[in-house]
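Thank you all for coming. Today I would like to walk through one structure with you, beginning with its internal cavities and then turning to the way some of its helices pack.

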Amino acid sequence: MFGREKKSASPDSSSDKASPYANNYYDPDIAHPSAEYDDDLNVQCPSHTTQRKLLTQIDLRVIPVLSILYLLAFLDRTNIANASVYGLQEELNLQNTQYNTALTIFFVPYIAFEIPSNILLKKLKPHLWLSMCMFLFGVVTICQGLVQNYSGLLATRFFLGVAETGMFPGSFYLIGMWYKRSEAQKRYSFFFGSTSLAGAFGGLLASAIGKMDRMRGYQGWRWIFILEGVLTAVVAILFYFIIPDFPENAKWLTEEERTYVRARLRADQGRSAAERAIGVRDVINVFKDYKIFVGGFMYFGLIVPAYGYAFFAPSIIQSYGYSPIQTQLHSVPPWAASFTFAMVVAVVSDKFKHRFAFTILPICLAIAGFGILITVHDNRHLQYAALFFVTMGTYSAMPVIVCWFNMNLGGHHRRAVGTAWQIGFGNIGGIIATYAFLPKDKPKFYKTGYSICVSFICLSAASCVMYAVSVIMQNRQRDKAPRSLMTEYEKTEKGDMNPDYRYLL
């Protein structure tokens, strides 16, 4: 699906025999003293297939399904921006910042339930938990199209946040348990690119649905919620049967294939300890690592411009003098460009097995875009071009940041908690974004909102630098340290904090 992978040494190579945790790719998971593990890492690829064919099979089964799932989740989350262009605020008589408050209330449960959601994902299995959440937010989206007042809108936005809380961190967590770190960025970026595709698809869909205005007595904005919600609910029922579980439980692989996939990932990431439940102590141990907090700020800084654009792009574009339908159509190209650019960044990042530079360079592009928007107010073609810089920079840096942080965490337990924390804490920025672009600032070209976005992008860049310095220093300290005398169990309990681990820069 993602082209030919660079062939790595087979699991039974002499170097692996000498040191199965060489190459700075040992990433052990939290283990349990009573759990039994297969210590034989020298597992050949099954004779009936090849590594390339098996990886393609995994790609086709894992990535498209999760990408469609998150595309629909992001579409249902942000289609309120398209609905606003078609008269939502006028019909519900929203005053002052009531529309912004409706956007904000989504993030309250969305942030609060990220970590519990990932714990439930592991307990209930991904196919059940993710499809159930998907069906629920589809139903809530339908209800959003039936509300009659501000209170009803607040209620539906709140429960939409409850239902969607597990989608993003759960999917990132699941993808991270299928791929080696050197393979992950293309997959993460393709998955994350579904947000860009949702923006493009949402604009096209809204331009068509808007023509249903007054059909059966409903305004066009109501049909946007109703039809997109129905689509999500129907797809959720189908996805119950096809969303993949973790490699240990993948029934669509043979036993030989499952054994090979587990051994392959163990050589790269360490033991998964998938059979042990996540406890309170596991959660506490994760937060003893200061890099966890740095990772949260890396993502937090980019969420503000990301949601600022997602929620207000139609209003920004409409301020350039376009009609409602022209506005929806003009919202499509920046999203499409961001998806293409993100995939280019991901491919190059995986090729060089490096992440840091591929966070900073796109961030600089986004800053340039906002700089144009702050200073240029009389050239709508240049202003529109600046939106391409904003989307391409922001939405290509975000998946690299999440992949970099997520794949540097060890195994099911640290990765489940750490990923949920990064996404949950980062989405606090969504609350800030909803109040960055206020109605009173529209005549002033939203300069305040653009300035806020630039400030938080700079915060993200500074956090990325701090995280990079941290992993370089810790790798060097561990290189100089004497050989560890810790037992295998003690190492797996330490996770990525054990002395044999080397972080990916």
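The largest cavity in this model, which is a predicted one, has a volume of about 110 Å³. In total, four cavities of 30 Å³ or more are counted, and I will describe two of them.

Let me stay with the largest cavity for a moment. Its lining is made up of 15 residues, and those lying nearest the centre are Thr78, Asn82, Gly199, Ala310 and Trp335. If you look for the elements that give two or more residues to this lining, you will find helix 2, helix 11, which covers residues 194–209, and helix 15, which covers residues 290–318. Which element gives the most to the lining of the largest cavity? That is helix 2, with six residues. As for the character of the lining of the largest cavity, eight of the residues are nonpolar and seven are polar, while no charged residue takes part.

The second largest cavity has a volume of about 70 Å³. Among the residues that line the second largest cavity are Tyr70, Phe74, Tyr299, Ile303, Tyr395 and Asn427. Here at least two residues each come from helix 2, helix 15 and helix 19, the last of these running over residues 380–407. For the second largest cavity, however, the element that gives the most is helix 15, with four residues. The lining of the second largest cavity divides into nine nonpolar and two polar residues, again with no charged ones.

Helix 2 has come up for both cavities, so let us now follow its packing. In general, two packed helices are described by the angle between their axes and the distance between the axes.

Take helix 2, residues 51–85, together with helix 8, residues 150–164: they pack at an angle of about 160°, and their axes are 11 Å apart. Because an angle over 145 degrees counts as roughly antiparallel, helix 2 is roughly antiparallel to helix 8. The crossing of helix 2 with helix 8 is left-handed. On the side of helix 2 the contact involves Ala73, Asp76, Arg77 and Ile80, and on the side of helix 8 it involves Leu153, Arg157, Leu160 and Glu164. Sorted by class, this contact of helix 2 with helix 8 holds four nonpolar and four charged residues, and no polar ones.

Helix 2 also packs with helix 9, residues 167–176, where the axes come within 10 Å and cross at roughly 170°. Helix 2 and helix 9 are therefore roughly antiparallel to each other. The residues that meet include Val62, Leu66, Tyr70 and Ala73 from helix 2, and Met167, Phe168 and Leu174 from helix 9. In the contact of helix 2 with helix 9 there are ten nonpolar residues and one polar residue, with no charged residues. You may recall Tyr70 from the lining of the second largest cavity, and Ala73 from the contact with helix 8.

Finally, what is the angle at which helix 4 and helix 8 pack? Helix 4, residues 98–105, packs with helix 8 at about 25°, and their axes are 8 Å apart. Helix 4 and helix 8 are therefore roughly parallel to each other. From helix 4, Gln98, Thr101, Ala102, Leu103 and Ile105 meet Tyr150, Leu153, Leu154, Arg157 and Phe158 of helix 8. By class, the contact of helix 4 with helix 8 has seven nonpolar residues, two polar residues and one charged residue.

Terms used:
Residues numbered from 1 in each chain as written. Predicted model: local features only at pLDDT ≥ 70, side-chain atom pairs only at ≥ 80, totals over all residues. Heavy atoms only, no water. Axes fitted to C-alpha atoms, helices over the stretch in contact; angles between N-to-C directions. Parallel < 35°, antiparallel > 145°, perpendicular 65-115°, else oblique. Left-handed = near helix turned anticlockwise from the far one by under 90°. Contact = heavy atoms within 4.5 Å. Nonpolar A, V, L, I, M, F, W, Y, C, P; charged D, E, K, R; others polar. 1 Å grid on protein atoms, 1.4 Å probe; cavity = no way out; pocket = protein on both sides within 12 Å on 5 of 7 lines; lining within 4 Å. Points joined across faces, edges and corners; volume = space filled by probe spheres on them.
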